[in-house]
Amino acid sequence: MLLLFLRFIRGFVIVDVKGRFPERFINLLNRRRITYWDMLPRGEGYTARLFVRDYLRIRPLAKKAEVRLKLSERRGLPFIIRRYKIRRGIAVGAVLAVAVMAFLSQFIWEVNIDGIKRISQSSLNQALYECGLYPGVFKAAVDTDAVERRLMLELPEIRWVSVNALNNIAQIQIKEKAQPPKQKTASYPCNIKAERDGIVTKTVVYSGSKLIEKGSAVKKDQLLVSAVVENSEDKLSYVHSSADIFADIFLSKNIKLKKNQTALIPKENYSEKSNLSFLRLNLPFKLSSSATELYADNFYDLNLCINNVNLPVSEKLCRRFCFEKQSLCLKPKDAERILNKKLALYECFAQGRGRIKSRTVRTLEKNGEYIIKAVYTINKNIAVKQRIRVEQ
Amino acid sequence: MRRIRTELPVEFSYNLPVVELTGNRRAYIEGSTGVLKYEKDVVRINTSSLVISLCGRGLRLKCISPTGVVVEGFISNVEFIE
């Protein structure tokens, strides 16, 4: 490989040797210690490869051996340079490209973070920015040890951090602190009362005196488990009651929706505004305006990425969607669909962590409103702790 | 009494070339003084005492130095011409 490279740098020619004594020509070349290679027989003669400088020296030898030399090919760097001598722009371009590469390699292009689980990416990015490490910063200005130390102070959740600026990428490895286990600190005396009215279906008492049984009907705020416990010596003591009391509760929910609504309808067209970001430089790239009061902006950061490496060129795009107010009269079918969606959201998030045993839903139209009425039977834990004061 | 051998090896005493064959693919001839014929099928190498003719197909001179030649290809016949 090295030999091929050296030959390419020096430049070589491929010559066809034909004539009366081609073998004698080989012997003459050997005697003069002229380097040649890849000598292959072809027809009456052969072809050989020679360095350019040697080619000029072998003319008298060819004459002596009565052979004719025909230059069939020129290869190597000297010939390429000669070919592009007129086109100086190529050379200038090549020099400029090298200069640009050398200049750009002095900056951090990308910050890669590895090993975060609980720490949010945005807070870490902000902390890194404050430490002076962000895409576009001059690489020599980054003191990795100082960044590590400052990052540890900024984010106390970090146990260990390593910052390495390799090539144009700042690689940050983080180990987070282990979370201490939750300690049971609740030791104050407390009762357990009912959160809602219902019928008890299951009781699991961990500590305290149980006052109800399965099948009992309970009212809101009724005492379910007492903190007062009688011990084996017939003495009373107070404990921190703990229990799960499951009961069937009945809930009703009404959701209303006006028939005539004012809605924001998105317009078909949208306007775009973008900035071309190069390292820390932001240049306006595309400008368009839209005169409207109602709009929503979406921001996109489009990074130029080649071979999984983010280049320091990105387009920061802001797409503005315009809206207009429109009065709508909801059809019953649409209203039902919207109300059912709202009800589903309520069931998922608002009603608590209970299990829905049964559900009755009714939709009606009244006084210019659509109303959905839902009645639920939900089985859930109704135990709520109530602290009690004990005076000695 | 033990006799000390004073004879020189054959290649030195008669000034003979050394021919080394690697199967039928490669021949190394040491003591060559020049190439007499170079074709695809025949390569003739001159040495000080005889001419070595190699016949075959796809023969080529891999390497030539002032005292040695390496011929590569499918060698079918080696002939010594005095």
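This dialogue walks through a predicted model of two chains, A and B.

Q: Where do I start with chain B: how many helices and strands are there?
A: Start by counting elements. Chain B has one helix and six strands. Along the sequence they follow the pattern α-β-β-β-β-β-β.

Q: In what order do the six strands of chain B stand in the sheet?
A: First the general idea. Strands of a sheet pair through backbone hydrogen bonds, either parallel or antiparallel. In chain B, the six strands form an open sheet in the order 1-2-6-5-4-3, with antiparallel pairing.

Q: Which strands of chain B stand at the edges?
A: Strand 1 (18-22) and strand 3 (32-38) of chain B do. Each has a single partner strand, so one side of each is left without a neighbour in the sheet. Neighbouring strands of this sheet are turned by 45° against each other on average, direction ignored.

Q: How many bridges join strand 2 and strand 6 of chain B?
A: Strand 2 (residues 26-30) and strand 6 (residues 68-81) of chain B pair over five bridges, in the antiparallel sense. Look for Ala27(B): its bridge partner in strand 6 of chain B is Val71(B).

Q: Which residues of the largest nonpolar core touch the most other members?
A: The general idea comes first. In soluble globular proteins, nonpolar side chains tend to be buried together. Here the largest nonpolar core has 31 residues. Those touching the most other members are Val17(A), Ala48(A), Val43(B), Ile45(B), Leu54(B), Leu61(B) and Val71(B). Strand 5 of chain B gives the most to this core, with five residues.

Q: What does Leu54(B) touch, not counting residues up to four places away in sequence?
A: Leu54(B) touches Ala27(B), Val43(B), Leu59(B), Val71(B), Ile75(B) and Val78(B). Two of these names are familiar: Ala27(B) and Val71(B) are bridge partners.

Q: Which residues does the second core include?
A: This separate core has 16 residues, including Trp109(A), Leu128(A), Cys131(A) and Leu151(A).

Q: How many residues of chain A are in contact with chain B?
A: Nine residues of chain A are in contact with 11 residues of chain B. On the side of chain A, helix 2 and strand 2 (36-42) are the elements that give two or more residues. Helix 2 of chain A has the largest share, five residues. By type, that side divides into six nonpolar, two polar and one charged.

Q: Where does helix 2 of chain A lie on chain B?
A: Helix 2 (residues 22-31) of chain A lies across strand 3 and strand 5 (51-64) of chain B. Its angle to strand 3 of chain B is about 150°.

Q: What share of each chain is buried?
A: In chain B, 26% of the 82 residues count as buried. In chain A, buried residues make up 17% of 392.

Q: How many buried residues does helix 1 of chain A have?
A: Zero among its nine residues, so to read the cut-off: a residue is buried if 20 or more other C-beta atoms lie within 10 Å of its own. Helix 1 (residues 2-10) of chain A is hardly covered. Gly11(A) follows this helix, with a positive phi near 85°.

Q: What else is in chain A: how many helices and strands?
A: Chain A has nine helices and 22 strands. One open sheet has four strands in the order 10-12-8-22, with antiparallel pairing. Its edge strands are strand 10 (209-210) and strand 22 (383-387) of chain A. Strand 10 pairs with strand 12 (residues 223-226) of chain A over two bridges. There, Ser209(A) has Ser226(A) as its bridge partner.

Methods
Residues numbered from 1 in each chain as written. Chains lettered and ligands numbered in written order. Predicted model: local features only at pLDDT ≥ 70, side-chain atom pairs only at ≥ 80, totals over all residues. Buried ≥ 20, exposed ≤ 12 C-beta atoms within 10 Å, placed from the backbone. Pairing = 2+ DSSP bridges. Axes fitted to C-alpha atoms, helices over the stretch in contact; angles between N-to-C directions. Contact = placed C-beta atoms within 7 Å. Core = buried A, V, L, I, M, F, W, Y, C linked by C-beta atoms within 7 Å. Nonpolar A, V, L, I, M, F, W, Y, C, P; charged D, E, K, R; others polar.
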